[in-house]
Amino acid sequence: MRGRRRCPLSARSLLTAAAFVLLLSVEARAEAPLVNLRFFAGGRFVMGVAIGSLSMFSIIGLLLYFNLYAQSRDGLGLTALEAGASLLPLSAALLALAMLAPAVAARLGLRNALTAGMALITIASAVIGAAVAEGSLVLLSIGFLVMGAGLALPYASAPRLALSALSPAQTGQGSGIVNACTFLGGSVGVAGGAIASALGGFGAVLTMIALAGIIGAALSRRIPKTG
């Protein structure tokens, strides 16, 4: 039975890969492509997409697997309401800093703002990990507050970086591509989190998110100082 179940999954994976290759081939030759691959020739566009995708990768992976862990008997043993309430500091910081992101980027420079945001994601992952290990809800709230602040800056500012590489006439299509790639990053976060959780529990998920923060910070340092 197990062998039979793997075949459809393998077939779907091959079909998906073939469809993706076909899409790239068709779009590269189309006169008016749905996905303009020439956008990806610009370094600023690629970095903006990558950093935005890493931020979505982090937040979706965190929200899903924290809730599963927090409500499990082997985890924090919280109710659904308690688990949701514990995430309020993250939501508050994410909302506040997302609104302030343009001002922060103008003051610090886009490169420094994005670097700081991705670095905070890594720091927050360590704080949340320590809070979970100690069972401290106070420390957990601090970790989520830092995580929300860290996620807000790249989530709000990375699209600005990507679209700055395009002409005004291209920004509509470019915005759609940025959004699609960002949510693809979230899907990868779910899949990667499943693997990490199976291998090492919620701690491994936090390690994965911390690594995403490190990669994002390294990418951010490659943005020109004028950005």
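Biologist: Is Phe-66 buried or exposed, and what is its relative accessible area?

Modeller: This is a predicted model: local features need pLDDT of at least 70, side-chain atom pairs count only at pLDDT 80 or more, and totals for chains, interfaces and linings use all residues. Residues are numbered from 1 along each chain as its sequence is written, and side-chain values use heavy atoms, with hydrogens and water left out. Buried means under 20% relative accessible area, exposed over 50%, and partly exposed in between (1.4 Å probe, protein chains only). Phe-66 is buried, and its relative accessible area is 0%.

Biologist: Which residues is Phe-66 in contact with, leaving aside neighbours within four places in sequence?

Modeller: Contact means heavy atoms within 4.5 Å. With those neighbours set aside, Phe-66 is in contact with Leu-76, Ala-83, Ser-86, Leu-87, Leu-140, Phe-144 and Phe-202.

Biologist: How many residues does H2 supply to the largest nonpolar core?

Modeller: A nonpolar core is a set of buried Ala, Val, Leu, Ile, Met, Phe, Trp, Tyr and Cys residues joined through side-chain atoms within 4.5 Å. The largest one has 41 residues, and Phe-66 is among the six that touch the most other members. Helices H2, H4, H5, H6 and H7 each supply at least two residues (helices are DSSP runs of H or I, at least four residues, numbered from the N terminus). The largest share of this core comes from H2: 10 residues.

Biologist: What is the angle between the planes of Phe-66 and Phe-144?

Modeller: Rings of Phe, Tyr and Trp (its six-membered ring) pair if their centres lie within 6.5 Å; planes under 30 degrees apart are stacked, over 60 edge-to-face, the rest tilted. Phe-66 and Phe-144 are edge-to-face, 4.9 Å centre to centre, with planes at 80°.

Biologist: How many residues apart are Phe-66 and Phe-144?

Modeller: Phe-144 is buried, at 0% relative accessibility. Phe-66 lies in helix H2 and Phe-144 in helix H6. The pair links distant parts of the chain, 78 residues apart.

Biologist: Which parts does the pair of Tyr-69 and Phe-202 tie together?

Modeller: Tyr-69 and Phe-202 are stacked, 5.2 Å centre to centre and 15° between the planes. Because Tyr-69 lies in one helix and Phe-202 in another, the pair ties together parts 133 residues apart in sequence. Those helices are H2 and H7.

Biologist: What is the relative accessible area of Tyr-69?

Modeller: Its partner Phe-202 is buried, at 7%. Tyr-69 is partly exposed, with a relative accessible area of 21%.

Biologist: Which residues do ring pairs link into a cluster?

Modeller: The whole structure holds five aromatic pairs. Ring pairs join these residues into a cluster: Phe-66, Tyr-69, Phe-144 and Phe-202.
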